[in-house]
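Here are some exercises to work through with the model open in your viewer. Try each task before you read its solution.

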Amino acid sequence: MSGFDKPLTGATLTSRRIPMKMPVVNECDVDACAYNTDRRCHALAITVGDIRHAHCDTFFRTSAKGGDPTTVGHVGACKMSDCRHNVQFECQAPNITVGYVENTADCLTYSPA
């Protein structure tokens, strides 16, 4: 059994646990995104980054709108390990803003440590 196949015990879970609150996507200026309606993200959770660039990895263009219109999006994961808000690939900022940087949907809250 490899380390990935072993079930996690209560002690293992406790030692790895970090306080988690998924940050709110406070504003999204990327109106071309399927999850954006009225400058609000309606994806349940977005992923930020690809290790080299802090783009919104959940962004995609389509004529249909998606997500849950009754909720506001949150950050589910962040691959930008060099960001001062990143702890174990989880964003710890209170909220984020997504907008255009060079025609790319980016996390504008990203801040290199």
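**Exercise 1. Get a feel for the fold.**
Task: Work out what share of the contacts between residues at least 6 apart in sequence join residues at least 24 apart, and how many helices and strands the chain has.

Solution. Start with the contacts: among those in the protein chain between residues at least 6 apart in sequence, 67% join residues at least 24 apart. Next, tally the secondary structure, which comes to one helix and nine strands. Reading from the N terminus, the order is α-β-β-β-β-β-β-β-β-β. Finally, check burial: 28% of the 113 residues are buried.

**Exercise 2. Decide what to trust.**
Task: This is a predicted model, so find which element has the lowest mean pLDDT and which the highest.

Solution. Take the overall picture to begin with: the chain averages a pLDDT of 87, and 82% of the residues score at least 70. Then go element by element. Helix H1 (residues 10-16) sits at the bottom with a mean of 44, while strand E4 (residues 46-48) tops the list at 98. Now look at the start of the chain, where pLDDT stays under 50 over residues 1-15. For that stretch the model has four contacts beyond four places in sequence.

**Exercise 3. Map the core.**
Task: Find how many residues the largest nonpolar core has and which strands each supply at least two of them.

Solution. The core has 20 residues, and those with the most contacts inside it are Val25, Ile46, Val48, Val75, Ile96 and Val98. Strands E1, E4, E5, E8 (95-101) and E9 (104-107) each supply at least two residues of this core. Now zoom in on Val75. Beyond four places in sequence, Val75 is in contact with Met22, Pro23, Val25, Ile46, Val48, Cys91 and Ile96.

**Exercise 4. Follow a proline.**
Task: Pro23 turned up in the list of Val75 contacts; say whether Pro23 is buried or exposed and what it touches.

Solution. Place the residue first: Pro23 is in the loop between H1 and strand E1 (24-28). Its relative accessibility is 3%, so Pro23 counts as buried. Who are the neighbours? Outside its local stretch of four places either way, Pro23 contacts Gly73, His74, Val75, Cys91, Ala93, Pro94 and Asn95. You can also check a C-alpha distance: Pro23 and Gly76 are 53 residues apart along the chain, yet their C-alpha atoms are separated by 8.1 Å.

**Exercise 5. Check the annotated domains and the cysteines.**
Task: Compare the strand content of the two spans that UniProt labels "domain: DUF1540", then find how many disulfides the structure holds.

Solution. The UniProt record (an unreviewed entry) puts this feature at residues 28-59 and 78-109. In the model, residues 28-59 are 0% helix and 25% strand, with end C-alpha atoms 11 Å apart. Residues 78-109 are 0% helix and 50% strand, with end C-alpha atoms 12 Å apart.

As for disulfides, the structure holds zero. Cys28 is in none, and its nearest cysteine sulfur, that of Cys41, is 5.9 Å away. Cys78 is in none either; there the nearest cysteine sulfur belongs to Cys83, at 5.8 Å. The cut-off for a disulfide is 2.5 Å between sulfurs. Both cysteines are tucked away: Cys28 has 6% relative accessibility and is buried, and Cys78, at 8%, is buried as well.

**Exercise 6. Look around a histidine.**
Task: Find which side chain makes a polar contact with that of His55.

Solution. Locate His55 in the loop between E4 and strand E5 (75-78). With a relative accessible area of 15%, His55 is buried. The partner is Asp57, whose side chain is joined to that of His55 by a polar contact of 3.2 Å. Farther along the sequence, beyond four places, His55 touches Thr47, Val48, Gly49, Asp50, Thr104, Ala105 and Asp106.

**Exercise 7. Two positive phi angles.**
Task: For Arg39 and Gln88, say which loop holds each residue.

Solution. Arg39 lies between strand E2 (36-37) and strand E3 (40-41). Its phi is near 65 degrees, positive although the residue is not glycine. Arg39 is partly exposed, at 47%. Gln88 lies between strand E6 (86-87) and strand E7 (90-91). Its phi is near 55 degrees, again a positive value in a residue other than glycine. At 52% relative accessibility, Gln88 counts as exposed.

Key
Residues are numbered from 1 along each chain as its sequence is written. This is a predicted model: local features need pLDDT of at least 70, side-chain atom pairs count only at pLDDT 80 or more; totals for chains, interfaces and linings use all residues. Side-chain values use heavy atoms; hydrogens and water are left out. pLDDT is the predictor's confidence in each residue, from 0 to 100. Helices (H or I, at least four residues) and strands (E, at least two) are DSSP runs, numbered from the N terminus. Contact means heavy atoms within 4.5 Å. Buried means under 20% relative accessible area, exposed over 50%, partly exposed in between (1.4 Å probe, protein chains only). UniProt positions are given in the numbering used here, feature names are shortened, and annotations may be inferred rather than shown by experiment. A polar contact is a pair of N or O atoms within 3.5 Å; within protein, one must be able to donate a hydrogen and the other to accept it, and residues adjacent in sequence count only if both atoms are side-chain atoms. A nonpolar core is a set of buried Ala, Val, Leu, Ile, Met, Phe, Trp, Tyr and Cys residues joined through side-chain atoms within 4.5 Å.
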